[in-house]
Amino acid sequence: MGNLIISTFITLDGVQENPQDWSLGFWSDEYGRYARDLLFAADALIMGRVTYEGFSETWPAVDDQGTPTAGYASRMNSIRKYVVSQTQLPKGVIVLSYRPRKTDHPLS
């Protein structure tokens, strides 16, 4: 069995959504190299449908040649992606079916 490594942007108060709106001020070449190394060490990515749809619209247009993260965009476009979704996605997308379960947990 392989390793599952989670890499995400999150603020100190727990905000994760729309990192393009708030995280760019914290970006550095050092972090870019770290993110590139992490991506190139991965065999696949797991993401939700909304993230997948955003990635599939954005990454094909990114040209990162000549930058500290050169090759990141082509790797992001070519790496296998597993998408957690309740809805049908385009052919070729590996969907991990998500079905909420009813539990006795008070937060469910």
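1. Helices here are DSSP runs of H or I with at least four residues, strands are runs of E with at least two, and both are numbered from the N terminus. On that basis phenylalanine 40 belongs to helix α1. The model is a predicted one, and the points below should be read with that in mind.

2. Confidence. Mean pLDDT for the protein stands at 83, with 89% of the residues at 70 or more. Among the elements, helix α3 (residues 72–78) has the highest mean, 91, and strand β3 (residues 94–97) the lowest, 80.

3. Layout. The protein has three helices and three strands, and their order along the sequence is α-β-α-α-β-β. Of the contacts with a separation of 6 or more, 53% join residues that are 24 or more positions apart. Of the 108 residues, 19% count as buried.

4. Core. What makes up the largest nonpolar core? This core contains 14 residues, and Leu39, Leu45, Tyr72, Met76 and Val83 have the most contacts inside it. At least two residues come from each of α1 (29–41), β1 (44–48) and α3. Helix α3 gives the most, namely three residues. As a general point, nonpolar side chains in soluble globular proteins tend to be buried together.

5. Methionine 76. Beyond its neighbours within four places in sequence, methionine 76 is in contact with Leu39, Leu45, Phe55, Trp59 and Lys81. Leu39 and Leu45 are, like Met76, among the core residues with the most contacts inside the core. Met76 also appears among the residues nearest the centre of the largest pocket.

6. Phenylalanine 40. Is this residue buried or partly exposed? Phenylalanine 40 counts as partly exposed because its relative accessible area is 38%, and the class runs from 20% to 50%. With residues up to four places away in sequence set aside, Phe40 touches Gly71, Tyr72 and Arg75. Its C-alpha atom is 9.0 Å from that of methionine 76, which is 36 residues away along the chain.

7. Methionine 47. This residue sits in strand β1. Its relative accessible area is 7%, so methionine 47 is buried, the limit being under 20%. Outside the four-place window in sequence, Met47 touches Tyr52, Phe55, Lys81, Tyr82, Val83 and Val84. The C-alpha atoms of methionine 47 and serine 85 lie 9.0 Å apart, for a chain separation of 38 residues.

8. Tyrosine 82. Strand β2 (residues 80–85) holds tyrosine 82. Which residues does tyrosine 82 touch, not counting residues up to four places away in sequence? The partners are Ala44, Leu45, Ile46, Met47, Ile94 and Leu96. The C-alpha atoms of tyrosine 82 and alanine 44 are 7.3 Å apart, although 38 residues separate the two along the chain. With a relative accessibility of 23%, tyrosine 82 is classed as partly exposed; the limit for buried is under 20%.

9. Aspartate 64. The loop between α2 and α3 carries aspartate 64. Why does aspartate 64 count as buried? Because its relative accessible area is 7%, and buried means under 20%. Its contacts, sequence neighbours within four places left out, are Thr69, Ala70, Gly71, Tyr72 and Ala73. From aspartate 64 to serine 74, ten residues along the chain, the C-alpha separation is 8.6 Å.

10. Largest pocket. The space in the largest pocket comes to about 2,000 Å³. Its lining has 44 residues, and those nearest the centre are Ser7, Thr51, Phe55, Tyr72 and Met76. By type the lining splits into 25 nonpolar, 14 polar and five charged residues. Each of α1, β1, α2 (49–58), α3 and β2 supplies at least two lining residues. Tyr72 and Met76 also feature among the core residues with the most contacts inside the core.

11. Second pocket. The volume of the second largest pocket is about 150 Å³. Thr8, Phe9, Ile10, Thr11, Trp22, Ser23, Phe26, Trp27 and Tyr31 line this pocket. Six of these residues are nonpolar, three are polar and none is charged.

Note on methods:
Residues are numbered from 1 along each chain as its sequence is written. Side-chain values use heavy atoms; hydrogens and water are left out. pLDDT is the predictor's confidence in each residue, from 0 to 100. Buried means under 20% relative accessible area, exposed over 50%, partly exposed in between (1.4 Å probe, protein chains only). Contact means heavy atoms within 4.5 Å. A nonpolar core is a set of buried Ala, Val, Leu, Ile, Met, Phe, Trp, Tyr and Cys residues joined through side-chain atoms within 4.5 Å. On a 1 Å grid over the protein atoms alone, a cavity is a set of points where a 1.4 Å probe fits but cannot get out, and a pocket is an open set with protein on both sides within 12 Å along at least five of seven lines; lining residues have an atom within 4 Å of a point. Grid points are joined across faces, edges and corners, and a volume is the space filled by probe spheres set on the points. Ala, Val, Leu, Ile, Met, Phe, Trp, Tyr, Cys and Pro count as nonpolar, Asp, Glu, Lys and Arg as charged, and the others, Gly among them, as polar.
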